[in-house]
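This report looks at a few chosen residues and at one part of the surface. The sequence and the model come first, and the discussion follows.

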Amino acid sequence: MRPALWGVDVSTEFVDVAFVFEDGKWQTNRCFLDKRKDRHPVDHLAVIDRRWGSFVTALVGHFPPVFVFVERPTGRFPQPQLVMAAGVVACATK
């Protein structure tokens, strides 16, 4: 087990997480989410919660978080699905 700072980048199709260790070394990992576009948004959020939640459980065993930074989605155009996905990821990470 190597404690690490986590940086989490959220998309509606995957979540990237970067781990930065005390010695300055780092690595990344990706959790693929639901790619189906025909799902109802609430169902999509439930899939994100399940997939990311089980992924995080595995990650915590290898890289216990010292602190977790979840990127806040911003951009030129509003993307409610991305904001909701980031909220689910943030909640499932704690």
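In which helix is the place of Phe55? In this predicted model, Phe55 belongs to helix α1, which covers residues 41-62. Setting aside residues up to four places away in sequence, Phe55 touches Val17, Asn29, Arg30 and Cys31. For one of these partners, Cys31, the separation in sequence is 24 residues, while the C-alpha to C-alpha distance in space to Phe55 is 6.9 Å.

His44 is likewise placed in helix α1. Is His44 buried or exposed? Its relative accessibility is 13%, and because buried means under 20%, His44 counts as buried. When neighbours within four places in sequence are left aside, His44 is in contact with Thr12, Asp34 and Arg39; with regard to Thr12, a polar atom of the His44 side chain lies 3.2 Å from the backbone oxygen of that residue.

On the surface, Leu5, Val20, Trp26, Val66, Phe67 and Phe69 make a nonpolar patch of about 640 Å². Strand β4, residues 65-70, provides the largest share of this patch, namely three residues. Val66 lies in strand β4, and Val66 counts as exposed because its relative accessibility is 56%, where the exposed class begins over 50%.

The two accessibility values discussed above are set side by side here.

| Residue | Relative accessibility | Class |
|---|---|---|
| His44 | 13% | buried |
| Val66 | 56% | exposed |

Key: Residues are numbered from 1 along each chain as its sequence is written. This is a predicted model: local features need pLDDT of at least 70, side-chain atom pairs count only at pLDDT 80 or more; totals for chains, interfaces and linings use all residues. Side-chain values use heavy atoms; hydrogens and water are left out. Helices (H or I, at least four residues) and strands (E, at least two) are DSSP runs, numbered from the N terminus. Contact means heavy atoms within 4.5 Å. Buried means under 20% relative accessible area, exposed over 50%, partly exposed in between (1.4 Å probe, protein chains only). A polar contact is a pair of N or O atoms within 3.5 Å; within protein, one must be able to donate a hydrogen and the other to accept it, and residues adjacent in sequence count only if both atoms are side-chain atoms. Patches are made of residues with over 30% relative accessible area and no salt bridge: like charges are joined within 9 Å, nonpolar side chains (Val, Leu, Ile, Met, Phe, Trp, Tyr) within 5 Å. Accessible areas come from the Shrake-Rupley method with a 1.4 Å probe; for residues, only the protein chains shown count as cover. A salt bridge is a side-chain nitrogen of Lys or Arg within 4 Å of a carboxyl oxygen of Asp or Glu.
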